[in-house]
Amino acid sequence: MINRKLAKILSFQYVFLALIIIILAGVLLLLPKFEKHEGINPQAFLSNVISPERYMTTDELAEIYINQDPSYIVVDVRTENDFKSYNLPNSINIPLNTLLNEDAEGYLNQDQYDIVLVSNDNFSANKAWILCNRLGYKNLHVLKGGMNEWFSTIINPQKPTETMSAKEYELYNFRKASSMFFGVMYPEDIKVFKKPVVVKPAPKKVIPKKKKKKMPTEGGC
Amino acid sequence: MGPLIPNGIIPFEWNNIIAIIIGIAFGFILESSGFSSSRKLAGVFYGYDFAVLKVFFTAALVSSIGLLYMDYLGYVEMGNLYIHPTYLWAAIIGGAIMGVGFVSAGFCPGTSLCAVAIGKIDAIVYVVGIMIGIVIFAELYEVFKPLYEGFAYGALTLDETFGISPYMFVFIFTIIAIVAFVIGDIVRKRTKKVFY
């Protein structure tokens, strides 16, 4: 009796299995679809956002320039005209609206170099930073304060007042030195090289002594 | 999370060890389900046994449905999976040669090794034949090279080729599989029974 019932159920086992597969495939079709995010996941992105390595100060960048560190690429995301009017030495111009072009990818999507994104302020560079981060690019930094900060700290550093600490003076000296590295002149520091006056010894005057002419012997006596 | 090895969850060095373990399990299941018998394998061509069709079709279905669910739930990134590139004419000609070998010897390469393990003489001859074929191919590689490397279409997938979503494709594939199973059963009932 039991066996007959079992056999009856088991005779439908393949139908049952086929139904399971069809239902599984059908449910897959009916599942609500959602947009999948390419690239970095939100947790990693958030940890990048709050990472202290995100920003690079102008002093650090100047030091990189002075040491001629080859592991950095400076990417200027301003427009082409701005780039032409002034740019950081050896920087690459990738305007923000061409950032996702194929020829820009070669510079940005690699992990051998550190990339420093530069714009007039943080704003455009941060935009580029977010875009590149979402694509999963690595080793990205933003120049804090951008070009404006570069001018006010490195190219034209403020002289500290007398009440400021020694640290401020040290920083000022570093900035001044680096601005000199980038070709800024400080007129007060220019030491005019005076030619030492060489006193020429007076030429010796030759005073010829007149020899008394011997009187020709005269005959006589 | 997955795939486990490309994402570094399992170290790369484990690749071969895992492959050996899976291979042993695969061989065990092939043998225990009777796939080391060339009569069972050839049955799909003569219409008295459709086990091969059912097994491989079901395996493809289970893995594709399972992968799509895992992808949906975020356990596997489908984009990281390896898709074998399409070499059109190499696949057609190679497939035809493989089919002729399959129907004449009654083994596919995997099951032949299974049958060698249980000591079948025809399977040993078959494997020796495979080795000779490999040597011929390797020696004449320069001759076959244009066919072997030509007609490359990249990593094509059926859902992208037809422009439908993978979910829709798997559903259609499932229906086709079930229909094929039913037709196979009808054909099997009509043909003369072979005892093996």
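Colleague: How many aromatic pairs are there over all chains, and what makes two rings a pair?

Modeller: The count is 17 aromatic pairs over all chains. Rings of Phe, Tyr and Trp (its six-membered ring) pair if their centres lie within 6.5 Å; planes under 30 degrees apart are stacked, over 60 edge-to-face, the rest tilted. This is a predicted model: local features need pLDDT of at least 70, side-chain atom pairs pLDDT 80 or more, while totals for chains, interfaces and linings use all residues. Residues are numbered from 1 along each chain as its sequence is written, chains are lettered from A in the order written, and side-chain values use heavy atoms, without hydrogens and water.

Colleague: Why is the pair Phe169(B) and Phe173(B) called stacked?

Modeller: The centres are 5.9 Å apart and the planes 15° apart. That is within 6.5 Å and under 30 degrees, so the pair is stacked.

Colleague: Why does Phe173(B) count as partly exposed?

Modeller: Its relative accessibility is 23%. Buried means under 20% and exposed over 50%, with partly exposed in between (1.4 Å probe, protein chains only). So Phe173(B) is partly exposed.

Colleague: How do you know that Arg54(A) lies over the face of Trp129(A)?

Modeller: Arg54(A) is 4.2 Å from the ring centre. The rule asks for NZ of Lys or CZ of Arg within 6 Å of the centre and within 35 degrees of the ring normal. Lys176(A) sits over the ring of Tyr186(A) too, 5.1 Å from its centre.

Colleague: Which residues touch the most other members of the largest nonpolar core?

Modeller: Val75(A), Leu108(A) and Leu117(A), out of 18 residues. Such a core joins buried Ala, Val, Leu, Ile, Met, Phe, Trp, Tyr and Cys residues through side-chain atoms within 4.5 Å.
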